Amino acid sequence: MNVGEVNQNMAIPQRLPANGSDRFNYMVSYLSDCQLQMVLEMDGQVNQQRLLQAMEASTIAEPIIGCRFIKDPVRPYWERRSDLASSGWCSLQLLSESDSEEKAIQEWLSSPIDIDADAMVKIRILRTLTKDIICIKLNHLCSDGAGLIEYVHLLASLYSELAKNPRYVPKSNPEGRDQSRLFKGMGIPAGGMPEAPEPQGPTLPFTPGEPAKRKQAIRRIPREEWLELAQGFKEKGFTVNDVILTAYMRALYQQMENAPAEQIKVMVTVNVRKFLPKGKADAIYNLSGVVHATMNQATETFADKVKEVAEFMKNQRDNKEILHDAVNTFAFVENFEFDHTLKIIQDVRKQIVADGKSTPILSNFGMISTSQITFDEVKVAGAYIVSPAYYAPGLMLGVSTYQDCITLTISFFESNTDRGLIEKLLDTMIEEIKSYRV
């Protein structure tokens with residue numbers, strides 16, 4: 001399948017408009033490295049050529065995957081690219097028996113992307129004698145965490161279809177990214193003013209300077225133990241998110257220098273697709289809102305704090321104002337000249353560093369799949385998402401679940417943030433979560 005010929009035959013536009021959330025996420029590239037990543041632990045080996053075919057097919061099914069973002073100073077746009085085949089966007093690394101799988105994974109996760117020049121998706125197959133580990137990078141400019149999950153499911157389905165029919169060509173979806181049409185269909189007016197930004201909260205100590213040496217700290221609670229813990233939370237009437245958010249806030253407070261008496265703040269991302277009639281969007285893109293959670297620092301136990309946080313989140317969970325504010329934010333950004341919005345975020349970044357404040361973020365990506373993902377006959381035995389690395393003092397905790405195994409990750413830059421601090425933060429969280437049993 002020659003993607004260039006297919007593009008011509010199917011009349012996929014050479015240019016696609018950049019919607020408000022695309023512009024917003026380019027602004028976020030001044031605050032983070034924009035790398036959304038997933039690690040898939042396979043129970044066998046995939047066919048590299050077929051996986052490459054599936055990647056090519058994905059640029060037809062979701063044209064944005066085959067584009068680059070063009071930073072027009074007034075109205076940016078997406079432009080189809082014809083150099084993906086030569087870009088090295090799917091590579092294979094052979095591991096010998098003496099090679100460390102974990103080291104190879106960490107090296108790939110730590111490798112940078114050029115958000116302007118690199119492909120929207122990059123894949124590295126780490127191959128041992130018996131199995132593969134598929135590591136996927138997705139540029140945050142074109143998608144959020146929920147979109148990354150959708151992309152992996154798309155890739156698996158295309159790979160499986162191509163095993164049956166090597167000439168399979170998926171239906172293209174160039175119109176699906178029209179968010180204004182989606183919101184209008186839901187009766188949500190665009191054009192209102194977004195809420196004023198929340199004041200930044202206290203965060204972990206950091207060293208100012210250029211970000212260097214991207215690293216990630218990862219903690220996993222295995223299936224049997226997590227099933228027992230999750231059942232206990234459910235019996236008490238708490239969600240997994242309630243417990244994780246509480247543990248995150250308490251761990252942050254313990255790791256802060258001269259912890260202030262003021263409230264601990266955490267910005268919790270919300271996948272607003274849940275408000276859509278089908279529970280999912282028509283295309284892969286960014287569709288997230290935020291809830292600002294606070295916790296008073298007192299001497300209550302972890303159990304008491306979970307109750308406090310759960311009550312707050314219960315009132316926020318079905319609050320459609322989250323969706324309204326997301327729509328207004330995207331529309332607000334879209335109505336400005338692009339250079340003007342970039343100047344705004346540059347000034348915000350300077351102020352954050354000068355003040356030393358930046359509200360930590362919790363992004364629970366949720367379940368990667370309710371059933372086991374398969375690439376034809378090769379099963380995904382394990383999977384987890386690694387969140388973007390925010391520039392200090394920014395901080396994001398990413399959480400994902402697959403096959404009843406939960407993974408917590410924080411990506412950071414060693415030049416600005418002490419690794420021991422991040423490791424201790426996650427260890428404290430895991431200890432508190434595990435201690436909270438029925």
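**Close-up views of a predicted model**

**View 1. Leu397 and its surroundings in strand E14.** Setting aside neighbours within four places in sequence, Leu397 makes contact with Ile244, Tyr248, Ile361, Leu362, Ser363, Ser387, Leu408, Thr409, Ile410, Leu426 and Met429. The model shown here and in the other views is predicted. Leu397 belongs to strand E14, which spans residues 396-402. One of the contact partners, Ile410, is 13 residues away in sequence, yet its C-alpha is 5.0 Å from that of Leu397. Is Leu397 buried or exposed? Its relative accessibility is 0%, so Leu397 counts as buried.

**View 2. Helix H3 and its cap.** Helix H3 runs over residues 48-61, and its 14 residues cover 20 Å from first C-alpha to last, close to the 20 Å expected at 1.5 Å a residue. At the N-terminal end, Asn47 acts as the cap of H3: one of its side-chain oxygens sits 3.0 Å from the backbone nitrogen of Gln49. The helix is mostly covered, with ten of its 14 residues buried. Among them are Leu51, Met55 and Ile60, together with the polar residues Gln53, Glu56, Ser58 and Thr59.

**View 3. Two nonpolar cores.** Which residues touch the most other members of the largest nonpolar core? In this set of 65 residues they are Leu40, Leu51, Trp78 and Phe375. Helix H5 (residues 145-164) supplies the largest share of this core, with ten residues. A second, separate core holds 56 residues, including Val266, Val270, Val399 and Met429. Returning to Leu40, its contacts beyond four places in sequence include Ile133, Ile134, Ile136, Val152, Phe375 and Val380.

**View 4. The largest cavity and a cis peptide bond.** One cavity of 30 Å³ or more turns up in a search of the whole structure, and the largest cavity holds about 70 Å³ of space. Its lining includes Thr203, Leu204, Pro205, Phe206, Tyr390, Ala392, Pro393 and Phe412. Between Ala392 and Pro393 the peptide bond is cis, with omega near 10 degrees. Pro393 is found in the loop between strand E13 (378-386) and E14.

**View 5. Two residues with positive phi.** For context, most residues other than glycine have a negative phi. Cys34, although not a glycine, has a positive phi of about 60 degrees, and it lies in the loop between helix H2 (20-28) and strand E2 (35-42). Asp404 also has a positive phi, near 60 degrees, and is placed in the loop between E14 and strand E15 (405-413). How covered are these two loop residues? Cys34 is buried, with a relative accessible area of 1%, whereas Asp404, at 24% relative accessibility, counts as partly exposed.

How values were computed
Residues are numbered from 1 along each chain as its sequence is written. This is a predicted model: local features need pLDDT of at least 70, side-chain atom pairs count only at pLDDT 80 or more; totals for chains, interfaces and linings use all residues. Side-chain values use heavy atoms; hydrogens and water are left out. Helices (H or I, at least four residues) and strands (E, at least two) are DSSP runs, numbered from the N terminus. The expected span of a helix is 1.5 Å times one less than its number of residues. Buried means under 20% relative accessible area, exposed over 50%, partly exposed in between (1.4 Å probe, protein chains only). A polar contact is a pair of N or O atoms within 3.5 Å; within protein, one must be able to donate a hydrogen and the other to accept it, and residues adjacent in sequence count only if both atoms are side-chain atoms. A nonpolar core is a set of buried Ala, Val, Leu, Ile, Met, Phe, Trp, Tyr and Cys residues joined through side-chain atoms within 4.5 Å. Contact means heavy atoms within 4.5 Å. On a 1 Å grid over the protein atoms alone, a cavity is a set of points where a 1.4 Å probe fits but cannot get out, and a pocket is an open set with protein on both sides within 12 Å along at least five of seven lines; lining residues have an atom within 4 Å of a point. Grid points are joined across faces, edges and corners, and a volume is the space filled by probe spheres set on the points.
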